[in-house]
Amino acid sequence: MQATIQWVKDVSFVGESGSGHALVMDGSPEYGGRNIGPRPMELLLIGLGGCASFDVVTILKKARQQVTDVRTELKAERADTIPAVFTTIHLHFVVTGRELKDSQVKKAVELSAEKYCSASAMLSAGGVKITHDYEIVQEA
């Protein structure tokens with residue numbers, strides 16, 4: 001895996017993934033940014049959420065659950081000192097579908113957290129306390 005980061009101006013950068021996708025990153029105005037893109041640490045949080053959400057959706061589909069939507073809400077705390085690393089992250093999964101089994105949703109969340117999500121494993125190994133919970137919204 002590889003990526004390239006190109007400085008644009010002030011504290012704005014364009015990151016391009018090895019697969020050819022690009023995004024703008026920017027700092028806050030207090031650091032000279034123009035607020036035209038997410039902060040790099042926000043992207044780490046989004047990456048974790050994407051990794052875990054991917055796992056939950058694919059595990060539930062393999063379990064033949066009728067999933068129609070998954071929204072993952074993440075809340076993180078950072079250290080007060082430099083480097084301001086993440087200290088805790090909580091993932092809350094809102095899983096919507098028809099006839100969803102609680103046991104299957106619970107298992108999918110646990111498998112993502114404990115086995116499959118590479119981002120979660122990496123951050124946990126770095127000392128971040130990561131917690132998870134979920135809720136199920138049944139559709140008629």
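Throughout this tour, two residues are in contact when they have heavy atoms within 4.5 Å of each other. Keep in mind that what you have open is a predicted model.

**The whole chain**

Start with everything shown as a cartoon. The protein chain has 3 helices and 6 strands, and from the N terminus on they run β-β-β-α-β-β-α-α-β. The C-alpha trace spans about 50 × 35 × 30 Å along its principal axes. Of the 140 residues in the chain, 29% are buried. Looking at contacts with a separation of 6 or more, 53% come from residues 24 or more positions apart. If you switch on a surface, its accessible area comes to about 9200 Å², with 55% belonging to carbon and sulfur atoms.

**First stop: the N-terminal strands**

Select β1 (3–9) and β2 (12–17), then add β3 (22–26). They form an open sheet of 3 strands in the order β1-β2-β3, with antiparallel pairing. β1 and β3 are the edge strands, each pairing on one side only. From one strand to the next, the twist averages 25 degrees.

Zoom in on β2 and β3, which are joined by 5 bridges. Pick Ser12 and look across to β3, where Asp26 is the bridge partner.

Now move to the loop between β1 and β2 and pick Asp10. Its phi is near 50 degrees, a positive value in a residue other than glycine. Most residues other than glycine have a negative phi. Asp10 is partly exposed, at 41% relative accessible area.

**Next: the way into α1**

Select Ser28, in the loop between β3 and α1. Is Ser28 buried or exposed? With a relative accessible area of 15%, Ser28 falls under the 20% cut-off and so counts as buried. Leaving aside residues up to four places away in sequence, Ser28 touches Gly33 and Arg39.

**Along α1**

Select residues 40–62, helix α1. Try a ruler here: at 1.5 Å a residue, its 23 residues should span 33 Å, and the end C-alpha atoms are 33 Å apart, so the two agree. Next, colour the buried residues of α1: Leu45, Leu48, Gly49, Ala52, Ser53, Asp55, Val56, Ile59 and Leu60. These buried residues pack against β4, β5, α2, α3 and β6.

Step just past the end of α1 to Arg64, which takes a positive phi of about 60 degrees. Arg64 lies in the loop between α1 and β4 and counts as exposed, at 76% relative accessibility.

**The second sheet**

Select β4, β5 and β6 together. They make an open sheet of 3 strands in the order β4-β5-β6, with mixed pairing. β4 (66–78) and β6 (129–138) stand at the edges with a single partner strand each, so one side of each is left without a neighbour in the sheet. The twist here averages 15 degrees from one strand to the next.

β4 and β5 (residues 86–98) run antiparallel and are joined by 12 bridges. Pick Ala76 and you'll find Ile89 of β5 standing opposite.

Bring the helices back. α2 (residues 102–116) packs on the sheet, touching β5 and β6, and its direction makes about 155 degrees with that of β6. α1 lies across β4, β5 and β6, running at about 35 degrees to β5.

Before leaving, select Pro83 in the loop between β4 and β5. Which kind of peptide bond joins Ile82 and Pro83? The bond is cis, with omega about 0 degrees. Most peptide bonds are trans.

**Last stop: the core**

Show side chains for the largest nonpolar core, which has 22 residues. Leu48, Leu60, Ile89, Leu91, Phe93, Val95 and Ile130 touch the most other members. At least two residues of this core come from each of α1, β4, β5, α2 and α3 (118–125). Which element gives the most to this core? That is α1, with 6 residues.

Finish by centring on Leu60. What does Leu60 touch, not counting residues up to four places away in sequence? Select Gln65, Val67, Val95, Gln104, Val105 and Ala108, and you have its contacts on screen.

Definitions and conventions: Residues numbered from 1 in each chain as written. Predicted model: local features only at pLDDT ≥ 70, side-chain atom pairs only at ≥ 80, totals over all residues. Heavy atoms only, no water. Pairing = 2+ DSSP bridges. Helix = DSSP H or I, 4+ residues; strand = E, 2+ residues; numbered from the N terminus. Axes fitted to C-alpha atoms, helices over the stretch in contact; angles between N-to-C directions. Core = buried A, V, L, I, M, F, W, Y, C linked by side-chain atoms within 4.5 Å. Buried < 20%, exposed > 50% of the residue type's maximum accessible area, 1.4 Å probe, protein only. Expected span 1.5 Å × (residues − 1). Areas by Shrake-Rupley, 256 points an atom, 1.4 Å probe, with all protein chains shown as cover.
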